[in-house]
Amino acid sequence: MDRAAARRKPLSLIATFVLSAAAFAQAPAAAPPSAKDEAIPSLRDAAVIVLRHARVIDGTGAPVRENQSLLIEGGKIRVVENDDAVKVPENAQTLDMSGKSVLPGLVMLHEHLMFTEPIGLTHAVDFSFPRLYLAFGVTTMRTAGTDFPQMELNLKRRIDAGSMPGPEIFITSPYFSGEGDPFLGAMIMKTPEEARRAVRFWGGEGFTWFKAYQWIPKDVLAALIDEAHHLGLRVTAHLRSVSCHDAAEMGIDNIEHGCFPSTDKLEDDLNGPRTRDLVSTLVQKGVVLTATPTNGRKPFSDFALEMLDPSARERISSEIARLKSPPPATAGDAIDSSYAHLLNAFAKAGGRLVLGSDAGGGGTVLAGTGDDDAIENMVRMGFPPLQVIRIATLEGARFLGVEGRTGSIAAGKEADLLVVRGNPVEHISDIENVEMVFSNGIAYDPKTLIAKVKGEVGWR
Ligand SMILES: [Zn+2]
């Protein structure tokens with residue numbers, strides 16, 4: 001380019017900008033984006049929806065009820081009764097649910113809105129993951145640590161405002177960690193005052209949960225818990241540098257993944273006095289454990305490969321090939337027996353469990369399908385299906401403090417519902433057969449949501 005051309009270039013850029021700005025100003029105002037744009041068209045404007053002949057699994061652990069009708073109006077469940085006790089209003093859209101089960105929308109407590117490729121590259125997945133969670137029936141979720149806090153805060157607000165589909169999100173802070181943490185998104189804390197300052201900052205921004213991570217020093221964790229509790233906010237952790245026992249004594253609210261036997265050096269004491277002491281301390285202190293029985297080292301499913309962005313698939317192709325013959329699962333990764341043993345012992349002693357998928361937290365677990373895996377693996381670990389469904393719905397809602405409005409099927413609650421073919425109480429894998437999902441009474445077809453994010457996971 002000669003000098004004259006170089007001088008002209010900025011002028012022509014300005015001219016282009018002015019022209020396009022003028023064109024933009026004259027364009028008719030587009031309708032603001034709405035979650036309803038992606039809802040089932042025939043149900044989008046229904047004043048009343050009645051689900052007839054449904055099998056209801058209400059989330060409380062109560063026995064399955066057949067031949068039920070649910071009347072949905074104004075985003076709420078107005079009536080849930082035997083078919084013959086429900087008069088269908090004239091203006092209602094009626095759906096025949098024969099052969100299908102209606103469950104509360106899932107309430108999942110260890111979710112992510114980022115996707116860490118097995119090679120360690122982390123992306124925000126604000127477009128694909130909310131839709132995938134919703135497509136598999138997750139209508140309420142809590143994140144469990146993030147590298148993209150501001151994105152998650154804004155995304156939560158956008159979903160709350162009804163301008164995009166997705167679960168209601170409870171957001172958790174970035175990782176409070178310590179020296180040695182290899183993840184570049186973590187806050188490396190050395191002193192208690194750093195933790196207190198960060199708690200006040202993120203708490204002031206609207207974060208209601210804090211996440212401590214594997215390298216956090218003990219005095220920093222104590223300060224984090226103390227400062228959060230002063231603000232009426234709560235703390236959870238993936239522990240390693242501090243034992244479960246010590247974190248429980250400090251008053252931590254929640255522990256992610258459960259307690260690994262190695263963190264408390266219990267590998268040789270699983271039926272012994274130190275394990276019993278840990279379990280009773282956790283129960284006495286009211287610490288809730290989040291089970292995450294998914295396996296991040298299992299091969300990518302065909303479904304997951306279809307969802308992946310082609311460039312991500314290319315980058316991790318050697319990993320995809322290697323995972324076809326995965327190494328044996330390690331503690332906490334899946335249904336590892338010592339992991340299952342501790343969770344069972346905790347639940348038998350009266351401990352409260354919630355459930356999460358750890359989708360996107362590294363490895364091969366995807367939003368939605370990972371939540372189904374977590375549910376199915378709980379049943380494989382010996383928990384009865386009705387109890388697992390309660391843990392994945394009402395127990396999660398209780399822990400988040402929203403059980404008055406969601407988490408079970410009852411008149412007056414939000415119409416957050418998961419409709420599946422079959423009966424997951426008899427065959428837990430039927431939880432995967434999602435036909436329809438309601439979020440605040442808005443009906444979604446999972447196929448539509450999934451089609452929208454095909455090939456997107458790994459870049460947005
Ligand atoms: Zn995680």
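Hi everyone, this is a short tour of one chain, from its overall form down to a sheet and a helix.

Before we start, this is a predicted model, where local features need pLDDT of at least 70, side-chain atom pairs count only at pLDDT 80 or more, and totals for chains, interfaces and linings use all residues. Residues are numbered from 1 along each chain as its sequence is written.

Let's take the whole chain. It has 15 helices and 20 strands; these are DSSP runs numbered from the N terminus, helices being H or I with at least four residues and strands E with at least two. Along its principal axes, the C-alpha trace spans about 80 × 70 × 50 Å. Of the 460 residues, 48% are buried, meaning that 20 or more other C-beta atoms, placed from the backbone, lie within 10 Å of the residue's own.

Now the sheet. Seven strands form an open sheet with parallel pairing, in the order β12-β11-β13-β14-β15-β16-β17; two strands pair if DSSP finds at least two bridges between them. Because β12 (187-188) and β17 (353-355) each have a single partner strand, they stand at the edges with one side lacking a neighbour in the sheet. Further in, β15 (residues 254-256) runs parallel to β16 (residues 288-291), joined by 3 bridges. There, isoleucine 255 stands opposite leucine 289 in β16.

Last stop, helix α14. Is α14 mostly covered or mostly uncovered? Mostly covered, with 13 of its 16 residues buried. The helix also has a kink of about 40°, centred on isoleucine 391; that bend is the angle between axes fitted to the seven residues ending there and the seven starting there. Just after α14, glycine 401 takes a positive phi of about 80°. Thanks for listening!

Methods:
Buried ≥ 20, exposed ≤ 12 C-beta atoms within 10 Å, placed from the backbone.
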